[in-house]
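Open the model in your viewer and keep the selection tool at hand. Here is a short tour.

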Amino acid sequence: MDEDIDDLRAETDLSGRTVLITGGAGFIGSHIAEALVADNEVRVLDDLSGGAREHVPAGARLVAGDVCDPDDLAAAMDGADLVFHEAALVSVEESVENPAACHRINASATVDVLEEAREQDARVVLASSAAVYGHPEEVPVAEGDPKEPTSPYGIDKLALDHYARRYHDLYGLETVPLRYFNVYGPRQNPEYSAVVSVFFRQAREGGPVTVEGDGEQTRDFVHVSDVVRANLLAATTDRVGEPFNVGSGRSVTITELAETVVEVTDSDADIEHVDPRPGDIRHSEADVSRAREALGYEPRVSLEDGLRELADAQGLR
Ligand code: NAD
């Protein structure tokens, strides 16, 4: 998986750049930092509210600060020519409890990042989300399909997505919003109900692995190395100012996921059904044809391989 990223680094010629990764001490941001640090000056702006200092790779500079703070942001952005905007309040539940805080971090700070990018004439690749679609009318869901987000998190990600595109149309800024589906992989924080990391923790602890509702709901799980590849492609594409779905293009039921996690971790944990989550989205699957055609994005890691790798990394097999 890492070899693929090495190849892509060579193909996309991302070198000698000054790169800022907001949220770069977190799960996805730290993998982007890792892919770029050898050939570029990489800075990370992160308040460490969800990420960790030790996730920032050696050679990258951590600016421990708040993306909502104009001074912290200006200092981190100074001289940057490429920005990956990953910092966010990432919990949907927390966004429901505190929509104003979510709006400040996920929407307002995005406008601040885009404004600073105008100053620096920097390209911005932004972390949007499948949450913009709400309950899809049909799957797989394509970029032009209806968007009815069901949470403040989804609403603010849709605002981010719109701002990114309009900053391109109105001001000529090079922006690429990427709508991530369910990302999983090493260093994911199980606190935010990320189902893969929760199932791994439960399997590790001997179970039970808890499936919400009937388990027939489906999700598109995409490995973080594929998401990094999408980001590197977005950093150099000519197709700026339009959004791209970033998923695996396949979906599995949550029950299938639970069974695979139990199998790859060699666990004897039971799978138990608990109450459904209110408002849970029934089906989610990305149509990745636009990213495939425009960016040359090809998801490479199968769910089974990705889960096996995680189990190996955690010494569970
Ligand atoms: P994460 O929590 O691991 O990373 C987010 C990082 O942002 C953390 O390191 C956190 O400390 C930092 N941060 C939060 N508030 C900040 C602030 N005010 N100032 C500076 N830093 C701040 O989460 P992740 O899964 O790596 O998510 C990265 C991005 O991808 C987010 O924008 C998230 O909404 C988006 N996304 C993730 C998924 C997924 O499945 N993981 C799916 C769709 C979209």
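The stops below run from the ligand to a strand beside it and end at a single threonine.

**Stop 1: the ligand shell**

This is a predicted model. Select the ligand and the residues around it. The shell counts 28 residues. Phe27, Asp46, Asp66, Glu86 and Tyr153 are the closest. Now color the shell by class. You get 13 nonpolar residues, 10 polar ones and five charged ones.

**Stop 2: polar atoms at the ligand**

Show the ligand oxygens. Which residue puts a polar side-chain atom 2.8 Å from a ligand oxygen? Pick Lys157: its side chain supplies that atom. Next, turn to the backbone. A polar backbone atom of Gly50 sits 2.8 Å from an oxygen of the ligand. At Gly51, a backbone N or O atom is 3.0 Å from a ligand oxygen. Switch on a surface for the ligand. Alone, the ligand exposes 820 Å², and the protein buries 92% of that.

**Stop 3: the elements behind the shell**

Go to a cartoon view. Four elements each give at least two residues to the shell: helix H2 (27-36), strand S5 (123-129), helix H6 (152-171) and strand S7 (182-184). Which of the elements gives the largest share? Strand S5 does, with three residues.

**Stop 4: strand S5**

Select 123-129, which is S5. Is S5 enclosed or open? Seven of its seven residues are buried, so the rest of the structure largely encloses S5. Show the side chains. Arg123, Val125, Ala127 and Ser129 point one way from S5. Val124, Leu126 and Ser128 point the other way.

**Stop 5: the neighbors of S5**

Add residues 82-85, strand S4. S4 and S5 run parallel, joined by four bridges. Find Val83: its bridge partner in S5 is Val124. Then add residues 175-180, strand S6. S6 also pairs with S5 in the parallel sense, over six bridges. Here Ala127 has Leu178 of S6 as its bridge partner. Now trace the chain from S5 through H6 to S6: this β-α-β crossover is right-handed.

**Stop 6: Thr218**

Leave S5 and select strand S9, residues 218-219. Thr218 is found there. Is Thr218 buried or exposed? Its relative accessibility is 12%. The cut-off for buried is under 20%, so Thr218 counts as buried. Finally, show His283. The side chains of Thr218 and His283 make a polar contact at 2.7 Å.

Note on methods: Residues are numbered from 1 along each chain as its sequence is written. This is a predicted model: local features need pLDDT of at least 70, side-chain atom pairs count only at pLDDT 80 or more; totals for chains, interfaces and linings use all residues. Side-chain values use heavy atoms; hydrogens and water are left out. A residue is near a molecule or strand if one of its heavy atoms lies within 4 Å of it. A polar contact is a pair of N or O atoms within 3.5 Å; within protein, one must be able to donate a hydrogen and the other to accept it, and residues adjacent in sequence count only if both atoms are side-chain atoms. Accessible areas come from the Shrake-Rupley method with a 1.4 Å probe; for residues, only the protein chains shown count as cover. Ala, Val, Leu, Ile, Met, Phe, Trp, Tyr, Cys and Pro count as nonpolar, Asp, Glu, Lys and Arg as charged, and the others, Gly among them, as polar. Buried means under 20% relative accessible area, exposed over 50%, partly exposed in between (1.4 Å probe, protein chains only). Two strands pair if DSSP finds at least two bridges between them. A crossover is right-handed if, with the strands pointing away from the viewer, the path from the first strand over the helix to the second runs clockwise.
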